[in-house]
Amino acid sequence: MVKIMSSARGKISTRSVNTVLCIALLLLSACAAPVSKYKSATKDEIDAEIRLQKEMVYQAFHNEGNILDNITFQILKANAEFCTENALAYGFTFWNIDTISKSDKYREIVENLYQLDHVFQINQVYTNTEDQTAQIKAGDKIIAINGVDVSSKSVKTKDIYKALSKTGSSHPAKLLLLRDNTEIETKTTPYNVCNYPLRYDYHDRIINAFANGRHIIMTRGFYQFAKSEEELAMAIAHEVGHNIMRHPGKDDENAALGNIANTILFNALKMTDFYLPSFVYEGIIEQSYMVNSVAFEREADYIGIYFAERAGYDTTNSIALWRRMSVEVDAEGIEKRSTHPAKAERFVYLQKTLEEIAEKRRKALPLIPEIDWDNTSEKDIHFKRPKSDTTIKDNEPHYGLNCGAACM
Ligand SMILES: [Zn+2]
């Protein structure tokens, strides 16, 4: 028998404890030692599997980033006429090895996987851009733009934009591409888009998406929770809705009327959507903000459904995302309002918007969200008042979108 409480003075003897630990360890290791005669693996075999898995990890978030980027592009392009904050975007994204940080642990993997070197190459060609990108393919090397050689090692992303902008916003840029040792000459004109690029936070598994006035941010947790491109489109369009209706700015103003502590928290929070860790919510949810936020959320939902539908996404089924949020993530939110409308309430309002859109389609009316222009102006929001008799002019060219994977 092993005596643990051995000391006459009522203390545990160090020697006894050591003995017990040694015996316990011996027993444990004897029990835990594997006895199956499985085959051994070489270091090379394990290293090869490590490499393969790392490649799969990178490919996954690269593909996810491109999918999100493409959906965002469709929404920003289809609704450009309503945005006062515009940018020009070509129907493709490009990258080279220097767009991957030298400290990025995936740099060498990316280099091999995508044959990336210092010559810029096409990363992704957006869908529905055949009018401008029919001859461009992912992987094409960009050799020259508008007669300027851009194939040297010293060329940076800004030099590519500089070369592209030589022909201006409404004239096509001349591209000289290299594909399988064959030179391809083509022309491409940029699109006018709303300037709210997406940033994909692929490290974050929390289910979250938000708008900060300039960007749309989506976490990998949200990407994986969404079940279809239509659901992702609805969420992205909702965030565009926040930005175009200037909700982040308005919330700051509203919060400034409240107490200082909450203002600081709210500014840090901005228009965070969907789900945040519960500790972030603490102390922020106050009636004054709640009312405004719920109204803003409803407005972003309303604008978002229109914008997603206008970009060609059928959102009829995607509003089920909110049902799943209730069922799988936050049953509390079915009735209870936080910064967002209660889930059940939100679902019903979204259905009403879908009915409104269906009605407009039946009557062949333009799909334009109803804005109370008597009580607001396009200066208050970033929504350009639709005027059927005027042509939309491009703003000063500033290239906001074409960073693609480099923006992730
Ligand atoms: Zn929102």
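1. A good place to start is a turn: strands S6 and S7 form a hairpin with two residues between them, and Asp180 in that turn has a positive phi of about 50°. The two strands, S6 (residues 173–179) and S7 (residues 182–188), run antiparallel and are joined by seven bridges. Leu175 stands opposite Thr186 in S7. Strands here are DSSP runs of E with at least two residues, helices are runs of H or I with at least four residues, and both are numbered from the N terminus. Two strands pair if DSSP finds at least two bridges between them.

2. Before you read on, keep in mind that this is a predicted model, where local features need pLDDT of at least 70, side-chain atom pairs count only at pLDDT 80 or more, and totals for chains, interfaces and linings use all residues. Residues are numbered from 1 along each chain as its sequence is written.

3. Now look at strand S11 (residues 216–219), which runs parallel to S9 (residues 198–201), with four bridges between them. Strand S10 (residues 208–211) pairs with S11 too, in the antiparallel sense and over three bridges. Ile217 is a handy landmark: Arg199 stands opposite Ile217, and so does Phe210. S10 and S11 form a hairpin with four residues between them, and Gly213 in the turn has a positive phi of about 100°.

4. For the overall picture, the protein has 13 helices and 12 strands. Of its 408 residues, 36% are buried (20 or more other C-beta atoms within 10 Å of the residue's own; exposed means 12 or fewer, partly exposed in between, with C-beta atoms placed from the backbone).

5. Which residues have the most contacts inside the largest nonpolar core? They are Ile75, Ala233, Ile236, Val240, Ile244 and Ala308, in a core of 78 residues. Domain 1 (50–193 + 403–407) and domain 2 (196–362) both give residues to this core, so the core lies between them. The domain bounds come from an automatic or database domain assignment. A nonpolar core is a set of buried Ala, Val, Leu, Ile, Met, Phe, Trp, Tyr and Cys residues joined through C-beta atoms within 7 Å.

6. Finally, try helix H12 (residues 320–329), whose buried residues are Leu321, Trp322 and Met325. They cover an arc of only 100° around the axis, which puts them on the same side of H12; the arc is that of the directions from the helix axis to the C-beta atoms. Val327 and Glu328, on the other side of H12, are exposed.
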